[in-house]
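Here are my notes on the model, set out as numbered points. They take up the ligand and its surroundings, and then a pair of helices.

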Amino acid sequence: MTLNARVPDGPLAEKWDRHRFELKLVNPANKRRYDVIVVGTGLAGGSASASLAELGYNVKTFCIQDSPRRAHSIAAQGGINAAKDYTNEGDSIRRLFYDTVKGGDYRSREANVYRLAQVSAAIIDQCTAQGVPFAREYGGLLANRSFGGVQVQRTFYARGQTGQQLLLGAYGALSRQVKAGKVTLYPRREMLDLVMVDGRARGIVVRDLVTGRIERHAAHAVVLATGGYGNVFYLSTNAMSSNVSATYRAYRRGALFANPCFTQIHPTCIPVHGDYQSKLTLMSESLRNDGRIWVPKTSGDKRPPHEIPEEDRDYYLERRYPAFGNLVPRDVASRAAKRECDQGRGVGETGYAVYLDFADAIRRDGRESIERKYGNLFQMYERITAENPYETPMMIYPAVHYTMGGLWVDYNLMSTLPGLFVIGEANFSDHGANRLGASALMQGLADGYFILPQTIGGYLAEGGFSDVAIENPAFEQTESEAAARVQRLLDVGGRRTVDDFHRELGHILWEYCGMARTDEGLTKAQGLVQELRAAFWKDVTVPGSAPTFNQSLEKAGRVADFLEFAELMVLDALTRRESCGCHFNEAFQTQDNEPLRDDEHCCHVAAWEYAGQDREPTRTIEPLAFENVELKQRSYK
Ligand SMILES: Cc1cc2nc3c(=O)[nH]c(=O)nc-3n(C[C@H](O)[C@H](O)[C@H](O)COP(=O)(O)OP(=O)(O)OC[C@H]3O[C@@H](n4cnc5c(N)ncnc54)[C@H](O)[C@@H]3O)c2cc1C
């Protein structure tokens, strides 16, 4: 397959404008003739559903949770970027574009990133108009703070609850359209498969998670906004229900999956404390604005932090990266923490933690000021660890947090399947091999409020749709396949729980496909994942039955997909013969242990096409051309 990204011609800054002009429009009165399915109600799906309905399309919106407001986006803490330059530091669309391309280690598509930077300011205006309570300066202007990989303050925030406040804004807009009858909400529904009719995405098959009934839904186009797949690692900062199933099922129907090995490991999370933990907690990157990261200079120094004098402390990020200090990008900070711990300088009981210390900031700005900025995060930390971070440094360690990989999409955010659009964390676009902090919310809302509502119109206006009802044989066939898969899970009747398999999968991936990778480890992981998948289908136990509320069954379906998807991740990691951003293969590193890219052979997106059960998928590449940014070794020194 040849990938056509459909990037418009012309100067970078004019592409989006020009594209919008060239896209065919659906006349306002005709919009009501089109039905669109949106799966997901996080910031991407919620904003897309509201915007599409506002335009006049008939929207059906689905989510796993009992309310759209419980989508994982609610967990986002630190903020959302925009090139407004309220701080008068010289920020601009170009700088946001440049920082994002560089932050992603030159593995994203220039045109998409530039458009993202262009619409970023409009997102803040939209959300402010909705009443999102962004933090403000004394004079009334919206306040800003810094995030990693950036030397200006462009992050808008609502204390440590930015995702929640943005989601309430999107939910308000969505509710208005529910009331107007333009959006029909289907909560507690899980998409089990995508329905293709005559080569176009025309519907989905879902399971009602309360009754267990399988339903069919038809439309003219389908939008997946189903979030990221970080939970393939079992332990992550993602919500427990985050999964890969919707995108993986679309992949099995022919949509290409791009860069699945690009997984972001966030440097500041509460360390793992035991084998029976099911979730990890993020301590927002915003804390690195004021917190200083350090370890004892001498390995094995077990003194409590307050007994370690300044001269015995190593503020290793400030030492190694003086220009960015504690605000280096996440991949850099995570690897640096791992290195300190691997060399014996880690702290805490396990030795797999580093300090994040606010003593200097509290001395400088006063406790009240720190409390105002991060109060809820400090409270959360204290509740989980029973330690008071105002008095003793936090202990943190990297954890799986975000996935840059996702379904491949073109400039219109359409996958390789006509009529299947993918937005938010579920697609691969914009962040390259490493996402900068506060850019996920920006991308999800750019996709949902501003980009998809335009590009989907271009697709619908092309027309050529046959009438498709849920009685169509393609629906019949897809439903019976989905039902058979559900039954197969129940029929195994083994002894090991779904969680047991999931936990083991997580161990394998963290060990061999995590922060540092080797060819040997990845090859080993391939075998281990295959063995684990075989064991799952022989020995998993799924209690209960199908036509009822059954959370074990829900989980089993998601873990079955994770087990297949994990193989794809590992294969992708093995095949990328370089290190870039979060993908660090130890065979490719500079003398300073930084990732060593191979721009001559690997400056591309790797997209995988399903080739059938137990057959190796086909790899296709989309070459990346950098015409506006010079390809350089990334440096934060
Ligand atoms: C703890 C934490 C803090 C973060 N903080 C920030 C931050 O400060 N700034 C920032 O920019 N980013 C942050 N991020 C990242 C950001 O929150 C996410 O990338 C973003 O919210 C994803 O939004 P989304 O709309 O794409 O998906 P989600 O919010 O994950 O929503 C997915 C939706 O899809 C639905 N769904 C999934 N599968 C199915 C299925 N099979 N059938 C039906 N429905 C399905 C779910 O029910 C849900 O409604 C943070 C992430 C974490 C984990």
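1. In this predicted model, a nitrogen atom of the ligand sits 2.7 Å from a polar backbone atom of Met-191. Two further contacts involve oxygen atoms of the ligand: one such atom is 2.6 Å from an N or O atom in the side chain of Glu-425, and an oxygen atom of the ligand also lies 2.8 Å from a backbone N or O atom of Leu-441. Of the 1000 Å² of accessible area that the ligand has on its own, the protein covers 97%.

2. The ligand is surrounded by 37 residues, and the closest of these are Gln-65, Ser-73, Gly-78, Met-191 and Glu-425. Sorted by class, the shell comprises 16 nonpolar, 17 polar and four charged residues.

3. As for where the shell comes from in the fold, at least two residues each are supplied by the helices α2 (43-55) and α11 (440-462) and by the strands β6 (189-197) and β15 (394-403). The largest share, three residues, comes from β6.

4. A separate point concerns the packing of two helices, α13 (residues 498-512) and α15 (residues 551-575), whose axes are 10 Å apart and meet at an angle of about 20°. Because angles under 35 degrees count as roughly parallel, α13 is described as roughly parallel to α15. The crossing in which α13 passes α15 is left-handed.

Terms used
Residues numbered from 1 in each chain as written. Predicted model: local features only at pLDDT ≥ 70, side-chain atom pairs only at ≥ 80, totals over all residues. Heavy atoms only, no water. Near = heavy atom within 4 Å. Polar contact = N/O pair within 3.5 Å; in protein donor to acceptor, adjacent residues only side chain to side chain. Areas by Shrake-Rupley, 256 points an atom, 1.4 Å probe, with all protein chains shown as cover. Helix = DSSP H or I, 4+ residues; strand = E, 2+ residues; numbered from the N terminus. Nonpolar A, V, L, I, M, F, W, Y, C, P; charged D, E, K, R; others polar. Axes fitted to C-alpha atoms, helices over the stretch in contact; angles between N-to-C directions. Parallel < 35°, antiparallel > 145°, perpendicular 65-115°, else oblique. Left-handed = near helix turned anticlockwise from the far one by under 90°.
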